[in-house]
Amino acid sequence: MKVLIIEDEIEIAEAIHNYFLGSPVVCEIVTNVKDASEKIDLYDYDCILLDIGLPDGSGFDILEEIKIRKKSDSVIIISAKNSLDDKLKGLEIGADDFLTKPFHMAELAMRITAVTRRKMFDGNNIVEFGGITLDLINNTVKYKNENLDLTPREFRLLRLFLSSHQRVLSKTAIADHLLGEQVDFVDSDKLVYAHIKNLKKKLQQAGCPEYIKTVYGIGYKFSID
C-alpha cells in the first residue's frame with residue numbers, strides 16, 4: 001500500500017512514517033501544497049493523509065485538484081480543527097474520512113485499511129481468489145490451508161495483483177507501487193522481475209497454479225482463468 005502524507009508538522013509526518021516502517025505500507029512525505037500537487041500529478045496513491053492548514057495554501061485546494069483530475073486515491077483528512085463545517089466541506093469535496101489530531105497510530109492504520117478496502121475490495125477484510133486468501137487486517141496470506149511467508153513488498157505486490165485481476169500492469173506501474181519516490185534511484189525493471197520471481201516461487205511451492213502471467217513487452221497480469 002502506498003500512502004502520501006501531506007503534513008507540515010514534521011514530527012507528526014515522521015511519526016506516521018516510522019510507525020509503518022517494516023510493514024506493507026510505503027509512506028512518502030510532503031509539507032506543502034506545491035510539492036503535494038506535483039506528487040499527485042506524477043503518481044497514484046492508495047491513500048492520501050491530508051492536513052488542511054498548509055504553509056502555502058489549504059488542503060481543500062488539493063482535494064479540489066484530486067476531484068478535477070478524477071483521481072481514485074482515497075483521502076483521509078488529518079487536522080487539528082474539529083469544526084463540523086470543515087468535516088462537512090472535506091467530505092463534500094471528496095474526502096473519504098476525517099481524523100482529528102491528536103490521534104492514535106493504530107486508529108489511523110485501521111482507517112487507512114478501511115478506506116482503501118472499500119474502493120479496492122468492496123469493503124472486505126478477507127480477500128479470496130483461486131484458493132489464495134489475503135487478510136488485509138493482519139497482513140497474512142494463505143494458499144488453501146498453507147501460510148505463505150511473504151516479505152512486505154511481496155505482500156504489496158500480491159495485493160496489487162488481486163486488486164487488479166485480469167488487468168495488465170506495466171512494469172513501471174508495479175515499480176511505482178512498490179517503491180514510490182525511490183523508483184528513480186534503482187534499476188526498477190530488475191527489482192520488479194526479482195520480486196515477481198520470488199512471489200511466484202512461494203506460491204508455486206504452496207501448490208498454487210501459475211496465476212501471475214507475463215505479458216511480453218508490457219508487464220504482468222494476474223488471472224485465475
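Domain bounds here come from an automatic or database domain assignment. With that in hand, we can walk through this chain, which is a predicted model. The assignment gives domain 1 as residues 2–121 and domain 2 as residues 126–222, and the C-alpha centres of domain 1 and domain 2 lie 25 Å apart. Let's take the two in turn and then look at where they meet.

Start with domain 1, at residues 2–121, and its sheet. Five strands make up an open sheet, in the order β2-β1-β3-β6-β7, and the pairing is parallel. At the edges sit β2 and β7, each of which pairs on one side only. Going across the sheet, neighbouring strands are turned by 20° against each other on average, ignoring direction. For a closer look at one edge, follow β6 (residues 74–79) and β7, which pair in the parallel sense over 4 bridges. Along that pairing, Ser 79 stands opposite Thr 100 in β7. Helix α1, residues 10–19, packs on this sheet and touches β1 (2–6), β2, β3 (47–50) and β6. The direction of α1 makes about 170° with that of β2.

Keep going past β7 (97–100) and you come to a loop that leads to α5, and Pro 102 has its place there. It is worth pausing at this spot: the peptide bond from Lys 101 to Pro 102 is cis, with omega near -10°. As a reminder, most peptide bonds are trans.

Now for domain 2, residues 126–222, where a run of hairpins comes up early. Strands β8 (residues 126–129) and β9 (residues 132–135) pair in the antiparallel sense over 4 bridges, with Val 127 having Leu 134 in β9 as its bridge partner. The two strands form a hairpin with 2 residues between them, and Gly 130 in the turn has a positive phi of about 50°. Next, β9 is joined by 4 bridges to β10 (residues 140–143), and this pair runs antiparallel. Here Asp 135 has Thr 140 in β10 as its bridge partner. These strands, β9 and β10, also make a hairpin, with 4 residues between them.

Which residue in the loop between β9 and β10 deserves a second look? Asn 139 has its place in that loop, and its phi is near 55°, a positive value in a residue other than glycine. For context, most residues other than glycine have a negative phi.

Further along, 3 strands form an open sheet in the order β12-β14-β13, with antiparallel pairing. The edge strands are β12 (168–170) and β13 (212–215), each pairing on one side only. The twist averages 35° from one strand to the next. Within this sheet, β13 and β14 (residues 219–222) pair in the antiparallel sense over 4 bridges, and Thr 214 has Tyr 220 in β14 as its bridge partner. Helix α6, residues 152–163, packs on the sheet and touches β12, β13 and β14, its direction making about 70° with that of β14. Another helix, α7 (residues 171–179), lies across β12 and β14 and runs at about 70° to β12.

So much for the parts; how do the domains meet? In terms of contacts, 17 residues of domain 1 touch 17 residues of domain 2. The size of an interface is often given as the accessible area lost when the parts come together. Between domain 1 and domain 2 the buried area is about 1,500 Å², with carbon and sulfur atoms giving 61% of it. Pro 24, Tyr 43 and Phe 121 supply 40% of the area that domain 1 buries against domain 2, more than any other three residues.

What about charged and polar pairs? The count between the domains is 1 salt bridge. Arg 159 forms a salt bridge with Asp 46, and the closest N and O atoms are 3.9 Å apart. The polar contact rule finds 1 residue pair across the interface, both residues at pLDDT 80 or more. On the side of domain 1 that touches domain 2, the elements giving two or more residues are β2 (26–30) and α5 (105–120). Of these, α5 gives the largest share of that side, 5 residues.

Note on methods: Residues are numbered from 1 along each chain as its sequence is written. This is a predicted model: local features need pLDDT of at least 70, side-chain atom pairs count only at pLDDT 80 or more; totals for chains, interfaces and linings use all residues. Side-chain values use heavy atoms; hydrogens and water are left out. Two strands pair if DSSP finds at least two bridges between them. Axes are lines fitted to C-alpha atoms, for helices over the stretch in contact, and angles run from 0 to 180 degrees between N-to-C directions. Contact means heavy atoms within 4.5 Å. Buried area is the accessible area (1.4 Å probe) that two parts lose on being put together, summed over both. A salt bridge is a side-chain nitrogen of Lys or Arg within 4 Å of a carboxyl oxygen of Asp or Glu. A polar contact is a pair of N or O atoms within 3.5 Å; within protein, one must be able to donate a hydrogen and the other to accept it, and residues adjacent in sequence count only if both atoms are side-chain atoms.
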